[in-house]
Each structure stands twice: as structure tokens, then as C-alpha cells.
Amino acid sequence: MASKVPKVRFYNGYEIPILGLGTWKSKPGEVTQAVKDAIDIGYRHIDCAHVYGNEREVGEALTTKINEGIIKREDVFITSKLWNTFHRPDLVEPALRTTLANLQTTYLDLYLIHWPHAYKEDGEMFPADENGKIQFSDVDYVDTWKAMEQLVNAGLVRSIGISNFNAKQIDRLLEVAKIKPVVNQVECHPYLNQRRLFAHCKARDIALTAYSPLGSPDRPWAKPGDPQLLEDARLKEIAGKYGKTTAQVLIRYQIERGVIVIPKSVNRDRLQQNFDVFDFALTSDDVSYIDTLDVNGRLIPMTAALGHKYHPFENDEF
Ligand SMILES: NC(=O)C1=CN([C@@H]2O[C@H](COP(=O)(O)OP(=O)(O)OC[C@H]3O[C@@H](n4cnc5c(N)ncnc54)[C@H](OP(=O)(O)O)[C@@H]3O)[C@@H](O)[C@H]2O)C=CC1
Ligand SMILES: O=C1CO[C@H](CO)[C@@H](O)[C@@H]1O
């Protein structure tokens, strides 16, 4: 059966379903069932990362669904990300091979540099000194990118991209890239709608993926009193007009802007709800209104890496 999810076409001709499933914070014990449920519902795009610590369990679910004959490998778009401790060029292919083994696949559809800044290599994923301060590495993401390009040439990944790169970092990368990134995956929701970064990427044929599109209410550092996107009275009112939930409006908002969107859930009802966004359309007035809610409200600020020369949010506006 043809999927009802529209696709975004990359400059290189590959296509990605505009709606995918996020897996950060999905516990190993619950992510296998969540991915199986998602596939049954119709999701054909899964967003993974080595640092999420659950790729093996995601892989189990995909293998089960392939063995059941529900999907073939080529029906599902799989993204993963190179973690900050593997930026040194000689570590890139081994890191990818670990991810491929965990996901039980021979290739990825998309591999991203997770962050532009690197951490001390080859040990803990969060290498900290005795004071708990993360230890940096000064590997240049441009050198990491050259190793990413080799993965495409070797047929191990179809497309490569970036995540959490700011506009200047993108342009610096493009100066040397032989293979351009297809995507920049960044935090994006009405409180941080990334209008300028989106335009910057679009002008360079780079698609945008919105992470934390629901405001990441389960992010580990959320504090009582923090703004709650899903509870925003203005969005609730809009949702009510369409007989939809706030989450559905947040997802639909990105789809109507042409932004790829990857809400996370491990709950079957919410997985279904987040997928039921193709039977209504926001009016352009409502989209324009939602556009006005931007307050530069970043929820994933990467404070642990402040002071790193490649920190993406410290010195540049977007
Ligand atoms: N590249 C990067 O640096 C980053 C990438 N990401 C990617 O983006 C994905 C999504 O972002 P994430 O930060 O997880 O946050 P989201 O904005 O997707 O929010 C997820 C939270 O919302 C809840 N939720 C899901 N659907 C609904 C609903 N319909 N109604 C009410 N609550 C709901 C989930 O709970 P429950 O599971 O119980 O349903 C969970 O607590 C990540 O999982 C990851 O794949 C995220 C952050 C950084
Ligand atoms: O994708 C992400 C979520 O988890 C990571 C580790 O905590 C974050 O750094 C990253 O942005």
C-alpha cells in the first residue's frame, strides 16, 4: 500500500518521508515495541543516533518487521548520527559500522554529524574531567566531513548531512564539500521557528529537519515552570478549531512549511495521533499567526559545550 506521507526530495534525488519517528529518550525496553507500532501505523522514517543508546533495540524492531514481510529494508528511511567523540577522521567509519551492526542493516539512508563540536575521542560518550567538565577535542568538522564523504563513496550511506550547524558553519563546510549535505537537523517549533536558518538552508538546497517539534517535554533538564509548548493556550485554541490536538497542529505546522518533522513517542495512541495529520490543513492565516510565536526559545542549548570554538549557538545569531 502506498504511504500517505509526502516525501521531501533532496538535491541528490533521494527522498525522505516528511514525517518520521524520533527515538531520543525512548528506553531500550520500550523502543522496540514503539518502532514496531510505528511501522504498523505507517511510519517509514526512523530518526536514530548512537548516543541514544538504543539502536540495537530499534534494529530488532526493524528486523522483525522485515522478517514478518510488513516492510522491506528499502521501504524505510533510516537516519543515524555520528557522536561527538568520533569526529577524528579515522574514527568515522568504525563508528558508522557500529551503528550499522546495531541497526542490523548494511546501509543508512542518511548519516549526520550530530554536532559541529567534538569531544575527547575514544572513551566515554561524555568524557568529563574531575570537576565534571566535558573534555573537548579540537577536530575540525570540515575534516570530519571529508571522512563522511568517503562513506558515500563506499556505498555505506546514501546521503550525508549535518545537525545543529549554524549558518556560518554551513557555509564554511560548503567551501570544501565535494558532496554537499542534504539536510540540517535542528531544534524547531513555534518558540524557535528557525526562519532565518531555514531560508539560509533553502537557498543552498539543504532541507531542514525539525527536532523537538513538540517542545521536548521529557528532556532531562526540563524544570517546573519552564514554558510548555503543548500547553500553550494560543495553540490549543487553534487546534480546537480543527478538532485536532496541539501536538497535531505542531506537526502539521512543520509539514506545511516543507520542514521534515520527527516527533518522538513510545505510546501507541500518541504515535497514531502524531501520524493523523494528513486529513486537515492549517489556513495560511493560522500559519502566519503561529509564525509570530517565536521568542528564540531554545530548549536544547548544549550548555555542556559552552566555550568550545565550534559551539553552534554561542556566538552567532542563527
Ligand atoms: N539532532 C539532535 O541534536 C536532536 C535530535 N532529536 C531528535 O528529534 C526527536 C524528537 O525530539 P524530542 O526532543 O524527543 O521531543 P518531542 O518534541 O518529539 O517530544 C517528545 C515528548 O512528547 C511526548 N509526546 C509525543 N506525542 C505526544 C502527543 N501527541 N501528545 C502529548 N505528548 C506527546 C512524548 O511522550 P511519550 O513518548 O510518552 O508519548 C515525549 O515526552 C528525538 O527523539 C530525536 O530523534 C532531538 C533532540 C536533539
Ligand atoms: O540528539 C540529542 C539528544 O541527546 C543528546 C545527548 O544528551 C543531545 O546532545 C543531542 O542533541
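In which loop is the place of D205? In this predicted model, D205 sits in the loop that joins α6 (195-202) to β11 (207-211), and the report returns to this residue after the overall fold and the ligand shells.

**Overall fold**

The protein chain contains 10 helices and 12 strands, and its C-alpha atoms fill a box of roughly 55 × 50 × 40 Å along the principal axes. The radius of gyration of the protein chain is 19 Å, which agrees with the value near 20 Å that a compact globule of 318 residues would have. Of these 318 residues, 45% count as buried, and among the contacts with a separation of 6 or more, 72% are between residues 24 or more positions apart. An unreviewed UniProt entry lists residues 19-293 under "domain: NADP-dependent oxidoreductase"; over that range the chain is 40% helix and 15% strand, with the end C-alpha atoms 22 Å apart.

**Nonpolar cores**

The largest nonpolar core has 80 residues, of which V35, Y111, L208 and V261 touch the most other members. Helix α8 (residues 246-257) supplies the largest share of this core, namely 6 residues. Another core, made of 5 residues, lies apart from it and includes A118, Y119, I134 and A305. Once neighbours within four places in sequence are left aside, V261 is in contact with I18, L19, A210, P213, I251, Q254 and I255.

**Ligand shells**

Ligand 1 is surrounded by 31 residues, and the closest of them are G22, L214, S216, D218 and K264. Helix α9 (residues 268-275) gives the most to this shell, with 3 residues. Around ligand 2 stand W24, A49, V51 and I300. The make-up of the two shells by residue class is set out below.

| Shell | Nonpolar | Polar | Charged |
|---|---|---|---|
| Ligand 1 | 11 residues | 14 residues | 6 residues |
| Ligand 2 | 4 residues | no residues | no residues |

**The listed binding-site residue**

In an unreviewed UniProt entry, H114 is listed as "binding site". H114 is found in the loop between β6 (108-113) and β7 (118-119), and it counts as buried because 20 other C-beta atoms lie within 10 Å. Not counting residues up to four places away in sequence, H114 touches A49, V51, K81, L82, W83, N84 and S163; of these, A49 and V51 also belong to the surroundings of ligand 2.

**Two residues with positive phi**

Which value does phi take in D205, although this residue is not a glycine? The phi of D205 is positive, at about 65°, and S212, likewise a residue other than glycine, has a positive phi near 50°. The loop that holds D205 ends at β11 (207-211), whereas S212 lies in the loop between β11 and α7 (233-242), and β11 therefore borders both loops.

Is D205 buried or exposed? With 12 C-beta neighbours inside 10 Å, D205 counts as exposed, since a residue with 12 or fewer is placed in that class. S212, by contrast, is buried, because 22 other C-beta atoms lie within 10 Å, and the threshold for that class is 20 or more. The two positive phi values, about 65° for D205 and near 50° for S212, thus occur in an exposed residue and in a buried one, respectively.

How values were computed:
Residues numbered from 1 in each chain as written. Chains lettered and ligands numbered in written order. Predicted model: local features only at pLDDT ≥ 70, side-chain atom pairs only at ≥ 80, totals over all residues. Core = buried A, V, L, I, M, F, W, Y, C linked by C-beta atoms within 7 Å. Helix = DSSP H or I, 4+ residues; strand = E, 2+ residues; numbered from the N terminus. Contact = placed C-beta atoms within 7 Å. Near = placed C-beta within 6 Å. Nonpolar A, V, L, I, M, F, W, Y, C, P; charged D, E, K, R; others polar. UniProt positions renumbered as here; feature names shortened; annotations may be inferred. Rg over C-alpha atoms; globule rule 2.2 N^0.38 Å.
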